[in-house]
Amino acid sequence: MEIYIKEGQIATKNLSPGLKVYGEELITENMVINDEEVEVEYRLWNPYRSKLAGALLNGMSKLNIKNDYKVLYLGASTGTTVSHISDIVYNGLIYAVEFSPVTMRKLTRLADNRPNIAPILSNANKPKNYLNLVEKVDFLYCDVAQPNQSELFMDNVNLFLKEEAKGLITIKARSIDVSKNPKKVFKEEEKKLVSEGFRILERIKLEPYEKDHLGLLVEKGLY
Ligand SMILES: C[S@@+](CC[C@H](N)C(=O)[O-])C[C@H]1O[C@@H](n2cnc3c(N)ncnc32)[C@H](O)[C@@H]1O
């Protein structure tokens, strides 16, 4: 996976040089490629704005998003995290599902400069509505912050994720039950996934970037 982690910071190589997406810092480095010195531009990836960046900085190591991956992203919002995955899958494609029309407008503008983003205005609770738009994917990311997020994630995995490919779900304890101890909520959500045949590959707390959030990297395979 082409990400750059150095001294507590994470960055991706900018697919649309010169353009920022959410006010992030751009940095350039001189590199020698095929005996030629070229300038390469990176975008710093803010872990306080993106749970995926937080999970990677907190040590998630079993996720390897390759440059030609097809990705299904649920809860794309305005595209902060989508944009960094777009940098990583420069030969692939992201199906970015979002159900808010207002947010979708910004996401669509982002896709104008990034041909590997396919925005889909739809409700991730009804994946059959985009069955004819989305192919089987190599990675599924779910960040919807909804009470039924595990069920929604599993429904989408069952329809769209390739066998033995990985999915990542971010669990926001307070979206599921504000009155319960977050540890208990995480255990219950994990149990739901395991009982449906998912294997938990990594569990990563997202503090200090996000309070009471857990990232679960899972695999659904033949075992
Ligand atoms: C926490 S925000 C996502 C932030 C985004 N993943 C990022 O890192 O840039 C959650 C998003 O999920 C969207 N959402 C919530 N429920 C949804 C559903 N059932 N279908 C599609 N989008 C949903 C919300 O509108 C919101 O934009």
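Helix H3 (residues 101–113) lies across strands E6 (93–98) and E7, and runs at about 165° to E7, where contact means heavy atoms within 4.5 Å and angles run from 0 to 180 degrees between N-to-C directions of axes fitted to C-alpha atoms, for helices over the stretch in contact. Helices (H or I, at least four residues) and strands (E, at least two) are DSSP runs numbered from the N terminus. This is a predicted model, in which local features need pLDDT of at least 70 and side-chain atom pairs count only at pLDDT 80 or more, while totals for chains, interfaces and linings use all residues. Residues are numbered from 1 along each chain as its sequence is written, and side-chain values use heavy atoms, with hydrogens and water left out.

**Sheet**
- An open sheet of 7 strands follows the order E7-E6-E5-E8-E9-E11-E10 with mixed pairing, two strands being paired if DSSP finds at least two bridges between them.
- Strands E7 (117–121) and E10 (198–205) are at the edges with a single partner strand each, so one side of each has no neighbour in the sheet.
- Strands E5 (residues 70–74) and E8 (residues 137–142) run parallel and are joined by 4 bridges, with Phe 139 as the bridge partner of Val 71.

**Ligand**
- Among the 16 residues around the ligand, those coming nearest are Tyr 73, Thr 81, Glu 98, Asn 123 and Asp 143, a residue being near if one of its heavy atoms lies within 4 Å.
- A ligand nitrogen atom is 2.5 Å from an N or O atom in the side chain of Tyr 73, and a ligand nitrogen atom is 2.8 Å from an N or O atom in the side chain of Asp 143.

Key: Polar contact = N/O pair within 3.5 Å; in protein donor to acceptor, adjacent residues only side chain to side chain.
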